[in-house]
Amino acid sequence: MRPLSADRWLPKLVLSPTLLASLIFVYGFILITIAMSFTESRMLPNWEWAGIDRYVDLFDNDRFWVSAKNLAIFGSLFIVISMAVGLFLAILLDQKIRGEGFLRAIYLYPMALSFIVTGTAWKWMLNPGLGLERIVQQWGFADFTFDWLVNPDKAIYTVVIAGVWQSAGFAMALFLAGLRGVDSEIIKAAQVDGATLPTIYRRIIIPSLRPVFFSVALILAHIAIKSFDLVMALTGGGPGTASDVPAIFMYQFSFSRGQLGVGAASAVMMLMTIMAVMVPLMYAEAKSGNAR
Amino acid sequence: MNAVSRFFLYAILLLAALYALAPLWVMLATSFKSLDEIREGSLIAAPQAPTIAAWGKAWSRACTGVRCDGLQPFFINSLLMTIPAVLISTIIGALNGYALTHWKFRGSEVLFTMLLLGCFIPFQVVLLPMARTLGAIGFVDSVFGLIFVHVVYGLAFTTLFFRNYYIGVPGELIKAARVDGAGFFTIFWRILMPISMPIFMVCVIWQFTQIWNDFLFGVVFAGSDSQPVTVALNNLVRTSTGVKEYNVDMAAAIIAALPTLLVYIVAGKYFVRGLTAGAVKG
């Protein structure tokens, strides 16, 4: 054997740049952002202690609450509809379908697109003058109106439409992978016992997909909370600020309005939201994974 | 299952496929129409008199804010940014994954768990310090800044990919090679590399899609001349000089989407595997 000395420190040396990058650019920067949210920073960082003033500013800001409410609406609808459509398509595809690979590829391709591209495409299709509204009118429904894109009360739902279009195929792929992992012996045994297909799905297959449900929810929640580009491209947060989400709030206060302290405070709130959603889901996922 | 329900099964699946394809069709059809035809015709109709004028304009003449030379310069920026960032983050991730699985040391598991946080954080929480850091080291207004940022925040994922792959390689194989006198890099090169092709594909495609499609880092950290194509596309759509040219917008959107779409068509299998592998933990 050759001397082991080099091999003793080489692995550590290889990992050290990544460790350093993680310590500085992930952990360190999170701490700096948290610190900045307690300061008087406006246009430039100003390390004068401000206590919880920036959080008071944030919670007094109507726009922040609009963005939080929009995230709640968008996030819950986006997650629930994407999962429902994804599971439904996965179950249908699981019935020994001819051309399954081809269909799967079609359902999943939106996931390869940038949210900016998706937003641009849907912005065009949903525009009230020349888009979907006009097609339906041309089909003979002259009174049909569909102005959600420019309607302050409805704009956030257009983000749901585009978001589901992009992500439902992804949910489908994960559910399908899960369905293929279900023990076929159990299913055969149930069939022998005379159980119908819907019963088998409802009582045996879907309950055994619990860990998959948690993973899909986890990823979709993550996409929803971080969503920025889709909203930017589709509505730009508008009309006015009607479809603002926290990521846009953070971006505008930090980089256009010169309110670094408030921007940092809103970023910290986003981190807390992700943690509040992720930690219980990950815990539940680990638990249901171990139980199997 | 009887014939009637099988018919409905296929009908639903085909309808869903049509729905998935509809936006792509509308984008393509619109991009080949003239503005007159867009105003008079139907959204979903095929172009009557196809023209590539909108494509030419989107590529080299459309205004993206102040500049009016189309998406071309920004498309090149995206290539200059994506290719090095993908290669660097993948290579480092491969070595990290190898070290974390077959050269464990005290604290290596803790180190891995610690790195994983990088997969979860919303990037908003690092934007402000990173903007100042890039300014301080003079990386603002160049693609180097974006390469740096994408490598740093891509490492958590690339390490995760390779770690989960290499953990399936039997430790005896590595031990035997060590007994024969092979060192850290020799083992990686001779034993791990030859079996790593699939995971390299998964990782490269994942990183390529992520970095090419990124908007947040691009819009925050890039100067007006170093913007990636996603940012330029958004500016192009928002820049209105008189008449709104939907055909140019759609051609531009397809141009921006083309590289990742091509990768998906050519290597979709690895793309799906990356999504599901990333999903297991991420």
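**Figure 1. The two domains of chain B, whose C-alpha centres lie 33 Å apart.** Welcome to a tour of this predicted model. Here we look at chain B, which is divided into domain 1, residues 3-51, and domain 2, residues 72-281. Where they touch, 7 residues of domain 1 of chain B are in contact with 8 residues of domain 2 of chain B. On the domain 1 side, the elements giving two or more residues are helix H1 (3-31) and helix H2 (35-40) of chain B. H1(B) supplies the largest share of that side, 4 residues. By residue class, the domain 1 side splits into 4 nonpolar, 2 polar and 1 charged.

**Figure 2. The contact between chain B and chain A.** For this view, pull both chains onto the screen: the contact takes 71 residues from chain B and 76 residues from chain A. On the chain B side, look for helix H13 (residues 246-281) of chain B, whose 16 residues form the largest share. If you are thinking about residue character, the side of chain B that touches chain A comprises 53 nonpolar, 16 polar and 2 charged residues.

**Figure 3. The largest nonpolar core, with 177 residues.** Good places to start are the residues with the most contacts inside this core: A:Phe175, B:Leu71, B:Leu233, B:Ala252 and B:Ala253. Among the contributing elements, helix H7 (residues 143-166) of chain B gives the most, with 16 residues. Both domains of chain B take part, as the core draws at least three residues from each of domain 1 (3-51) and domain 2 (72-281).

**Figure 4. A closer look at A:Phe175, one of the residues with the most contacts inside the largest nonpolar core.** Setting aside its neighbours within four places in sequence, which residues is A:Phe175 in contact with? They are A:Gly86, A:Leu87, A:Ala90, A:Leu209, A:Val212 and A:Val216.

**Figure 5. The crossing of helix H3 (residues 62-93) and helix H10 (residues 210-226) of chain A.** The axes of these two helices come within 9 Å and cross at roughly 145 degrees. As for handedness, H3(A) passes H10(A) in a right-handed crossing. From H3(A), the residues to pick out are A:Leu71, A:Phe74, A:Gly75, A:Phe78, A:Ile79, A:Ser82 and A:Met83. They meet A:Val216, A:Ala217, A:Leu220, A:Ala221, A:Ala224 and A:Ile225 in H10(A). You may recognise A:Val216 from the previous view, where A:Val216 is in contact with A:Phe175. The contact of H3(A) with H10(A) divides into 11 nonpolar and 2 polar residues, with no charged ones.

Conventions
Residues are numbered from 1 along each chain as its sequence is written. Chains are lettered from A and ligands numbered from 1 in the order in which they are written. This is a predicted model: local features need pLDDT of at least 70, side-chain atom pairs count only at pLDDT 80 or more; totals for chains, interfaces and linings use all residues. Domain bounds come from an automatic or database domain assignment. Two residues are in contact if their C-beta atoms, placed from the backbone, lie within 7 Å. Ala, Val, Leu, Ile, Met, Phe, Trp, Tyr, Cys and Pro count as nonpolar, Asp, Glu, Lys and Arg as charged, and the others, Gly among them, as polar. A nonpolar core is a set of buried Ala, Val, Leu, Ile, Met, Phe, Trp, Tyr and Cys residues joined through C-beta atoms within 7 Å. A residue is buried if 20 or more other C-beta atoms lie within 10 Å of its own, exposed if 12 or fewer, and partly exposed in between; C-beta atoms are placed from the backbone. Axes are lines fitted to C-alpha atoms, for helices over the stretch in contact, and angles run from 0 to 180 degrees between N-to-C directions. A crossing is left-handed if the near helix is turned anticlockwise from the far one by less than a right angle, and right-handed if clockwise.
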